[in-house]
Amino acid sequence: MTDFALPLPTVPSVAIRNSQQRFPVRRIFCVGRNYAAHIREMGNDERDPPFFFTKPADAVVDSGTVIPYPLATENLHHEIELVVAISKGGVNIGHDAAADHIWGYGAGIDLTRRDLQDVAKKAGRPWDWAKAFDHSAPCGPLIPAARDSIPHSGRIRLSVNGEVRQQGDLAEMIWPVPDIVAICSQAVELQPGDLIFTGTPSGVGPVVAGDRLSGEIENIGVVDLEIGARR
């Protein structure tokens with residue numbers, strides 16, 4: 001047995017609906033600009049190949065959590081997303097084989113420090129500080145995928161304090177789930193426990209301390225969150 005100098009950290013994990021088991025999280029990949037309306041609202045209008053950024057595994061938090069307003073930002077934004085949970089690893093996974101590698105799905109929120117992202121974009125710098133921070137990947141309970149079943153449509157929306165901010169349909173994704181899994185696996189070897197956040201519809205906007213966020217994806221699940229006070 002390996003003798004570590006420090007206690008081992010807790011394994012990040014996501015709840016599973018109607019189960020005492022939890023899904024262990026290895027890595028979190030996120031797809032940028034996957035809904036045309038969101039591309040336009042962010043000042044872009046191109047159908048480029050999907051690009052990915054990452055968040056640390058321990059950025060994941062359960063639905064129902066109260067998180068502190070993040071450090072180093074004055075402009076925190078919400079982005080509701082379909083989350084894909086990977087059960088079987090692989091490289092160069094074919095489009096038609098993607099379903100064989102998916103354990104299940106959930107509703108997640110990609111929290112973004114938009115002011116830091118804007119600075120990074122202008123300077124041509126990485127987005128890490130804008131995306132990969134503490135508590136930045138809330139995720140609702142996962143549901144196991146039915147055999148060979150991939151959600152190609154379904155309402156996706158997010159409300160803040162009961163007011164609908166984002167609303168769209170999974171059918172509006174430029175790159176659907178099989179493409180996302182296949183393209184991601186061309187650059188990294190996907191592994192069991194990986195999560196992929198698949199992009200957000202239009203309507204992203206700021207939240208402040210005291211706001212309650214409620215996201216829902218039809219036939220998939222919900223994710224709820226409250227923004228607490230700044231530390």
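Which strands are included in what covers the buried residues of α4? The list includes β3, β4 (51–55), β8 (80–86), β9 (102–109) and β15 (195–197), with helices (H or I, at least four residues) and strands (E, at least two) taken as DSSP runs and numbered from the N terminus. The model is a predicted one, in which local features need pLDDT of at least 70, side-chain atom pairs count only at pLDDT 80 or more, and totals for chains, interfaces and linings use all residues. Residues are numbered from 1 along each chain as its sequence is written, and side-chain values use heavy atoms, with hydrogens and water left out.

Starting with the overall picture, the protein has 4 helices and 18 strands. Its radius of gyration, taken over C-alpha atoms, is 17 Å, which agrees with the value near 17 Å for a compact globule of 231 residues; the globule rule here is 2.2 Å times the number of residues to the power 0.38. Along the principal axes, the C-alpha atoms fill a box of roughly 50 × 40 × 40 Å. Some 48% of the 231 residues count as buried, where buried means under 20% relative accessible area, exposed over 50%, and partly exposed in between (1.4 Å probe, protein chains only). Contacts (heavy atoms within 4.5 Å) reach well along the chain: of those between residues at least 6 apart in sequence, 76% join residues at least 24 apart.

On the outside, the protein exposes about 11,200 Å², with carbon and sulfur atoms supplying 50% of it; these areas come from the Shrake-Rupley method with a 1.4 Å probe. As for charge, there are 22 positive and 29 negative side chains, and the centres of the two sets lie 2 Å apart. Lys and Arg count as positive and Asp and Glu as negative, while His and the chain ends are not counted; each charge is placed at NZ of Lys, CZ of Arg, CG of Asp or CD of Glu.

Back to helix α4 (residues 177–184), which is mostly covered, with 7 of its 8 residues buried. Those buried are V177, P178, D179, I180, V181, A182 and C184. One of them, I180, also turns up among the residues touched by N34, along with E172, M173, I174, W175, T198 and G199, not counting residues up to four places away in sequence. N34 itself sits in the loop between β3 (28–32) and α1 (36–41), and is buried because its relative accessible area is 0%. A polar atom of the N34 side chain lies 2.9 Å from the backbone oxygen of T198, a polar contact being a pair of N or O atoms within 3.5 Å; within protein, one must be able to donate a hydrogen and the other to accept it, and residues adjacent in sequence count only if both atoms are side-chain atoms.

Other loops bring distant parts of the chain together. H135, in the loop between α3 (128–131) and β11 (137–139), has its C-alpha atom 4.6 Å from that of A59, 76 residues apart along the chain. Leaving aside neighbours within four places in sequence, H135 is in contact with A59, V61, I67, P68, L111 and R231. R147, in the loop between β12 (143–144) and β13 (155–160), counts as exposed because its relative accessibility is 76%.

Two asparagines deserve a word on backbone geometry. Most residues other than glycine have a negative phi. N161, in the loop between β13 and β14 (163–169), has a positive phi near 55°. N219, in the loop between β17 (212–217) and β18 (221–230), has a positive phi of about 65° and counts as exposed at 69% relative accessibility.
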